[in-house]
Amino acid sequence: MIRFKVNGQEKTFDGDPEMPLLWYLRDVAELTGTKFGCGMALCGACTLHQNGASIRSCVTAMSDVGGTEITTIEGIAPMHPVQKAWMEIRVPQCGYCQTGQIMQAIAFLKDNKNPTDQDIDTAMSGNLCRCGTYQRIRAAIHQAAKHQTPKHPATTHPATKHKAAKETA
Amino acid sequence: MKIIENVSLHVSRRGFLHGALASGVFVLSARFIPRPLWAAEGEAAAPAFQPSLWMSIASDGTVTVVAHRSEMGCGSRTALPLVVADELDADWSKVKIDQATGDPKYGDQDTDGSHSVRSSFDLMRQVGATGRVMLINAAASQWGVSPKDCTTESHFILHRASGRKLGYGEVAAAAAKLPVPKKEDVPLKSRSQWRYIGKESNSLFDLPEMVTGKAIFGMDATMPGMVYASVEHPPVLGQKIKSYDDKAALKVPSVQKTLIIDTFKPPHQFQPLGGVAVIADNTWAAFKGRKSLKVEWDSSPHSEYNSAPFRKTLEATSRKPGKVVRNVGDVDAAFAKGDKIIEAEYYTPHLAHVSMEPPVAVAEYRDGKVLAWAPTQNPQAVQETIASVLGIKKEDVTCHVTLLGGGFGRKSKPDQVAEAAVLSKQLGKPVKVVWSREDDIHCDFFHSVAAMYMKAAIGPDGKPTAWLQRTVYPPIGSTFDASATYALDEMGLGWNNLPFDIPNHRAENGPADYHVRIGWFRSVANIYHAFAIHSFADELAKSANKDSVQYLLDLIGPARIVPLEYKEEDADEKQRYPLDTARLRRVVEIAAEKSGWGKRPMGKGRGMGIAAHRSFLTYVATVVEVEVDSKGQVHIPGVWTALDAGTVVSPDNVRNQFEGAAVFGTSLALFGEITATNGIIDQGNFNNYQLTRMNRAPRHVDVHIVESEAPPAGVGEPGVPPFAPALYNAVFAATGKRVRELPLSKTKLV
């Protein structure tokens, strides 16, 4: 029995331990904001946070989830400065990859409050967007960095607040 | 579950506009209204007033507009309702969007060819304006005043003389009892009165759901009691199963069983490819079970398909006379005159669409009827395909349309939806078919591989006196007719309408056989046609020692309407969208000016290139600046695009489309190539079919929209065609190397 938290809620799993976290979330937990794009950690559509750090859930086996805290896009509430910036810059076209992009950006901005273009490129180049919204993603990250007050935790869900508090301490 | 329960039946209480608008589109009928899946905010009030199929108003003032086109990222699901809201004088915050199921009563629903706004703009204006007139009439009648003395303002009817005011919801029920006015009695707003059309403030209707993960794509659709399927398709097109062993697959936990899907009978059309489906309790188990399947396939006529020799065949054909598709003057006589002759050959490979959401669908067959949810560009094609494969009536197939995680033409073909329906019929329960990325790339309807031969005779002024162009590729028609070898509609995609001022010109097309499924891909044949035409134009410019922009303007020639032959069904295009070189010249001049063409010093390894191409009735010019580093890697510091798409509904979204087209163009120019070995596609995921990532994308894309009152034209596709030739011309300017094949990664630049 694997025990872990998803968006602050206690969960258990006793299915195939090889099942990627992505498919647990989508098919079992019915949290579909995390997307399937490649299954090989090549596109970043499945990006979410494990203990506050961004990971690719399509290659994270359930056996590696035990004892950790998972935050998905559904656990980012209320709206994060990154999401607000995404709205203001009007980043999405089809929108499919954007939850992964946003989760990657949130984790990245936690460690880098004032990123350069180069920093953003390095952090975001694992996340593909076939519609080609990269220019707006870059602009939105700059905007979010500007709006993000130093005290604002990177993710606002209780599960990750705890983690953020620990990091500050 | 969340989806099916949200379907409710509304029967309109009154007739629809009879003959007042486009005939045949408005029909009295009961209709299912699936509430917006991605904006479930409790029960919507029942419509009190529904003056047409397209729009209704509830007594609480909620306006519901039907979106009959699919949303795959181009914005038409937002743009068309915005047009209705504008003419209705509605408050956009009170507008909901109801995504239509597939039904011919909506007319054409195939969201392709960049024509959603173009084809429905006038109709949607009429829909909104008719509703507004009826609301005014209802309020005026209630007040006992003349409708002429009433006006509207953002969801209210006003009688200024008396200061009275009624909300749209308050008069909706009364409006429903009034006769629908004739078209001539419905005034449209003047352009200066528009509040939404053309405004910078417009943003996508689904934007909040997209950034919070609540948006429902096909990948997210579910049905109660459904099972998951992953299908092992024939590796080579047309192969049938010889034998298979599923013992190991069935031992995988959560795998339920395997089922056969029959291989299609040619032509393949949109039918399932065939194969062995693994049915499981979840997607992962279905994928895992499939890895343990052992399938032996028989032979296929396409098992000999190898990309390298096929290229030689195409190129050989391109050197021989082909079918003439446009002829002006006499190129042969001009070539014989002894002017300087320049020839060049260009090659472009197959490409795969790879929308971020792979093909997926959920369907249930029950009692001879099918209910499907799919991210489809064409729900009517879903109806037709499933009906044909299962031998039922298309009216008995209901197709709901989710948001599409990208489409780019792939999702106008619903083979995966048909797979779900076929499997559901065998299983007796709903089935969700999920394609892996490898399935998506191996089994695409590919962008065609093409070879082009170009020849020009150059006069003493450096301009061509004759221009011959020949193009050869397996046509899209082969998807519908296995014997098709010549292109049809592709000719109109930048080949039989060269806008250059050249006295002798001939365009030809040579035959080619297909060996994989060929389909539409964002901007389609314009990609290889524009690549050849604008690479060649630049070669001529450099050969004449002329500036590329000036030479291009000289080629386009004076402002005029280019005489073209139009088919009968293209009467609207001939009348409202003639090929106007003044508009083409203008975008060239603007792109050049914005880029600082000729005014900025280009250091070593840097250069600029230009191309201008009209597609989907939109005029586009693109300047690309490149920097080629000491390792030969190409960087793109800037892209400047100018476009004239006529009237534009949402300018910010249009800029987003063209910014994206530069990235899409970078992918196909730098990396994109699909090849086959013995009929099997060599690429399978983003490791060997690369897309542009942020670190290789253009650093800066500047998009300039030309102000225009011309009718609306396309915006989803037209940004793509000029990109690759502009980039290649820039590479020549930077390095002196003329590369004549896509992608650039195949050529060492240093």
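The exercises below, each with a worked solution, concern a predicted model with chains A and B.

**Exercise 1.** Describe how chain A is divided into domains and which elements of domain 1 of chain A touch domain 2 of chain A.

*Solution.* Begin with the bounds: the domain assignment splits chain A into domain 1, covering 2-75, and domain 2, covering 81-152. Next take the distance, for the centres of these two domains, taken over C-alpha atoms, are separated by 21 Å. Then turn to the contact itself, in which 14 residues of domain 1 of chain A meet eleven residues of domain 2 of chain A. On the domain 1 side, strand S3 (47-50) and strand S4 (53-56) of chain A each supply at least two residues, and the largest share, three residues, comes from S3(A). Finally, sorting that side by class gives six nonpolar, seven polar and one charged residues.

**Exercise 2.** Work out how many residues each chain gives to the contact between chain A and chain B, and describe the side that belongs to chain A.

*Solution.* Start with the counts, which are 43 residues from chain A and 48 residues from chain B. Then look for the elements on the side of chain A: helix H1 (21-28), helix H2 (81-89), helix H3 (98-111), helix H4 (117-124) and helix H5 (134-147) of chain A each supply at least two residues. As a last step, the residues of this side are grouped into 22 nonpolar, 13 polar and eight charged.

**Exercise 3.** Decide whether helix H3 (residues 168-175) of chain B is enclosed or open, and find what its buried residues pack against.

*Solution.* A residue is called buried here if 20 or more other C-beta atoms lie within 10 Å of its own. By this test six of the eight residues of H3(B) are buried, so the helix is largely enclosed by the rest of the structure. The buried residues are B:Tyr168, B:Gly169, B:Glu170, B:Val171, B:Ala172 and B:Ala175. To see what surrounds them, note that they pack against strand S3 (47-52), strand S4 (55-58), H2, strand S8 (156-159) and strand S9 (164-167) of chain B.

**Exercise 4.** Compare the expected span of helix H17 (residues 723-735) of chain B with the distance between its end C-alpha atoms, and then describe its surroundings.

*Solution.* The expected span is 1.5 Å times one less than the number of residues. For the 13 residues of H17(B) this gives 18 Å, and because the end C-alpha atoms are 18 Å apart, the two values agree. Turning to burial, eleven of the 13 residues are buried, and H17(B) is thus mostly covered; among them are B:Phe723, B:Leu727 and B:Tyr728. The buried residues pack against several elements of chain B, including helix H12 (526-543), helix H13 (548-556) and helix H16 (651-671). Just after the helix, B:Gly736 takes a positive phi of about 80°.

**Exercise 5.** Which strands stand at the edges of the open sheet S24-S25-S26-S29 of chain B, and what lies across the sheet?

*Solution.* First write down the order, S24-S25-S26-S29, which makes an open sheet of four strands with mixed pairing. S24 and strand S29 (701-705) of chain B each have a single partner strand, so they stand at the edges and one side of each is left without a neighbour in the sheet. From one strand to the next, the twist averages 15°. Within the sheet, S25(B) and S26(B) pair in the antiparallel sense over nine bridges, and B:Ala621 stands opposite B:Ala642 in S26(B). Finally, helix H15 (residues 581-595) of chain B lies across S24, S25, S26 and S29, running at about 140° to S26(B).

Note on methods: Residues numbered from 1 in each chain as written. Chains lettered and ligands numbered in written order. Predicted model: local features only at pLDDT ≥ 70, side-chain atom pairs only at ≥ 80, totals over all residues. Buried ≥ 20, exposed ≤ 12 C-beta atoms within 10 Å, placed from the backbone. Contact = placed C-beta atoms within 7 Å. Nonpolar A, V, L, I, M, F, W, Y, C, P; charged D, E, K, R; others polar. Domains from an automatic or database assignment. Pairing = 2+ DSSP bridges. Axes fitted to C-alpha atoms, helices over the stretch in contact; angles between N-to-C directions.
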